[in-house]
Amino acid sequence: MKKLIGIMIFGAIFAALMLPAAAQTTTAAPPQNTTATPPSTPPGNTNGQPQTGQQTINRTNRQQQRIANGVGDGQLTPGEASNLEKQESNINQEENQMRSQDNGHLTAADRAKLQQQQNKLGGEIHTDKHNANTQKPLGGEVGNRASNQQSRIANGLDNHTLDAQQAGKLENEEHNINKQVAADRAANGGHLTQAEKNQINKEQNKVGGQIHNDKASGKKNGKNK
């Protein structure tokens, strides 16, 4: 019995002596790398980037509507409208030239240039509509036609039944009519005689027929698809 007790005591002492040694020989786990993985680069901000082809067309549409509204409510005089029409026509013609040089497409540089020009024109429309130069709205058929023609050109560009070249030609004709209105008004104390109104209406009828034909041609050729 005494021998058994002695063996147990010896075993306990031996185990106690071995614990520190075992702790020293235990391989410590390598320290974890706590350095955070940097987040991936966020996508670039697209604000201010050149517009797409559709956005360019939409922008042209909005400019046309603004000119049309200004003519209709008298905020734009014939002279101001004529100048704005000429600039819009030049932009449309330049866009057409750009597209002809790249199989009907616009490059990013082309879109950026057109956007810059439309920004400049947009500022001029705002200035002209809010300056002291106003005119009494023509009213009647002549005034309504002037506004309606602008809306039709704008809608044609929007739904692709008119291309930039066609719109440019139509804009030139509208420009000439507005120029004639300005000259007639200047010669008659700011007014139009009935004969002048009849002549202007006749010319607007001609432009209206051309808009119709151009848009019908666009639908036939699938431009609106």
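This report walks through the salt bridges, two positive-phi residues and one long-range contact in a predicted model.

**Salt bridges**

Let's start with the charged side chains. By the distance rule applied here, a Lys or Arg side-chain nitrogen within 4 Å of an Asp or Glu carboxyl oxygen, the count comes to three salt bridges. Here they are side by side.

| Salt bridge | N to O distance |
|---|---|
| K113 and E94 | 2.9 Å |
| E95 and R99 | 3.1 Å |
| E124 and K120 | 2.7 Å |

The K113 and E94 side chains meet at 2.9 Å, N to O. K113 belongs to helix α4 (residues 108-129) and E94 to helix α3 (residues 78-100), so this salt bridge ties together parts that are 19 residues apart in sequence. If you look for K113 on the surface, you will find a partly exposed residue, at 40% relative accessibility.

The pair E95 and R99 sits within helix α3, where the two residues are four apart and so separated by about one helical turn. E95 has a relative accessible area of 5%, and because buried means under 20%, E95 counts as buried.

In helix α4, E124 and K120 are likewise four residues apart, about one helical turn. Their closest N and O atoms are 2.7 Å apart. The two partners fall into separate exposure classes: E124 is partly exposed, with a relative accessible area of 21%, while K120 is exposed, at 54%.

**Positive phi outside glycine**

Two loop residues are worth a look for their backbone angles. N103, in the loop between α3 and α4, has a phi near 55°, a positive value in a residue other than glycine. N103 is also exposed, with 72% relative accessibility.

H160 is found in the loop between α5 (140-158) and α6 (164-187). Its phi is positive too, at about 70°, although H160 is not a glycine. At 25% relative accessibility, H160 counts as partly exposed.

**A contact across the sequence**

Finally, turn to V71, which lies in helix α2 (residues 53-73). Is V71 buried or exposed? With a relative accessible area of 13%, V71 is buried. Follow the chain from V71 to G143 and you cover 72 residues, yet the C-alpha atoms of V71 and G143 are separated by 7.8 Å.

Notes
Residues numbered from 1 in each chain as written. Predicted model: local features only at pLDDT ≥ 70, side-chain atom pairs only at ≥ 80, totals over all residues. Heavy atoms only, no water. Buried < 20%, exposed > 50% of the residue type's maximum accessible area, 1.4 Å probe, protein only.
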